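Ready for a few short exercises at the bench? Have a look at the chain below, try each task yourself, and then follow the solution step by step.

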Amino acid sequence: MAGINPYIERVEQELPKQKYELTFLPMQIKVVVSPDSIKSDFDGLPGSILNAALEAGIDIDHSCGGVCACSTCHIIVKEGFESCNDATEDEEDMLDLAPGLNPKSRLACQCVPDGSQRIIVEIPEWNRNLVSEDH
Ligand code: FES
């Protein structure tokens, strides 16, 4: 179920115009995100890390359904942070509630890479037991 939270600031995002490599740690799962594979019927913003994870069968916890109303989809963008859209104040407010906050923390449902760099994200330890994959 994809949705939009009417109570938050609209997110400025640039969808990727080219393929890019996205790696999830610590599982070392690497996927290639293609502009053609971006779907809007998954939770999270179209083109978001959460969107790409779900498309790849990696079920990152996302209690609010990907509408920036929790912090369960907290990830750390270890590489390619600069190629992601800027976090809104609403996202920053939600991140403040996440344990283990890091300068490169983002909400996976709101973080949209533009495709200009490869991305490596780490799923924090406290969320890992919730992650499942279909591979
Ligand atoms: S899933 Fe709730 S903020 Fe991302």
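**Exercise 1. Decide whether the radius of gyration of the chain agrees with that of a compact globule.**

Step 1. Keep in mind that you are working with a predicted model.

Step 2. Start from the expected value: for 135 residues, a compact globule would have a radius of gyration near 14 Å.

Step 3. Compare it with the chain, which has 13 Å and so agrees with the rule.

Step 4. Look at the box as well: along the principal axes, the C-alpha atoms fill roughly 30 × 30 × 30 Å.

Step 5. Add the burial and the contacts. Of the 135 residues, 47% are buried. Among contacts with a separation of 6 or more, 70% join residues 24 or more positions apart.

**Exercise 2. Write down the order of helices and strands.**

Step 1. Count the elements: the chain has three helices and seven strands.

Step 2. Walk along the sequence, and you should arrive at β-β-α-β-β-α-β-β-α-β.

**Exercise 3. Find out which parts of the chain the salt bridge of Glu-21 ties together.**

Step 1. Identify the partner: the side chain of Glu-21 meets that of Arg-118, with N to O at 3.9 Å. This fits the cut-off, since a salt bridge needs the nitrogen within 4 Å of the carboxyl oxygen.

Step 2. Place both ends. Glu-21 belongs to strand β1 (residues 20-25) and Arg-118 to the loop between β5 (105-107) and β6 (119-122), so the bridge ties together parts 97 residues apart in sequence.

Step 3. Check the accessibility. Glu-21 is partly exposed at 27%, and Arg-118 is partly exposed at 43%.

**Exercise 4. Work out where two further salt bridges sit, and say whether the residues of the Glu-91 pair are buried or exposed.**

Step 1. Begin with Glu-122 and Lys-78, whose closest N and O atoms are 3.0 Å apart. Glu-122 is in strand β6 and Lys-78 in strand β4 (residues 74-79), so this pair connects parts 44 residues apart in sequence. Lys-78 is partly exposed, at 44% relative accessibility.

Step 2. Move on to Glu-91 and Arg-106, where the closest N and O atoms are 2.8 Å apart. Here helix α2 (residues 89-95) supplies Glu-91 and strand β5 supplies Arg-106, and the two residues are 15 apart.

Step 3. Apply the cut-off for burial, which is under 20% relative accessible area. Glu-91, at 1%, counts as buried, and Arg-106, at 3%, counts as buried too.

Step 4. Look for shared partners: Glu-21, Lys-30, Glu-79 and Arg-118 are joined into one network by their salt bridges. The whole structure contains six salt bridges.

**Exercise 5. Inspect the backbone at Pro-26, Gln-28 and Cys-68.**

Step 1. Check the peptide bond from Leu-25 to Pro-26: it is cis, with omega near 5°. Pro-26 is in the loop between β1 and β2 (29-33).

Step 2. Stay in the loop between β1 and β2, where you will find Gln-28. Its phi is positive, about 60°, although Gln-28 is not a glycine.

Step 3. Go to Cys-68, in the loop between β3 (58-59) and β4. Cys-68 is a residue other than glycine with a positive phi, near 60°.

Step 4. Set the surroundings side by side: Gln-28 is exposed, with a relative accessible area of 58%, whereas Cys-68 is buried at 3%.

Note on methods: Residues numbered from 1 in each chain as written. Predicted model: local features only at pLDDT ≥ 70, side-chain atom pairs only at ≥ 80, totals over all residues. Heavy atoms only, no water. Helix = DSSP H or I, 4+ residues; strand = E, 2+ residues; numbered from the N terminus. Buried < 20%, exposed > 50% of the residue type's maximum accessible area, 1.4 Å probe, protein only. Rg over C-alpha atoms; globule rule 2.2 N^0.38 Å. Contact = heavy atoms within 4.5 Å.
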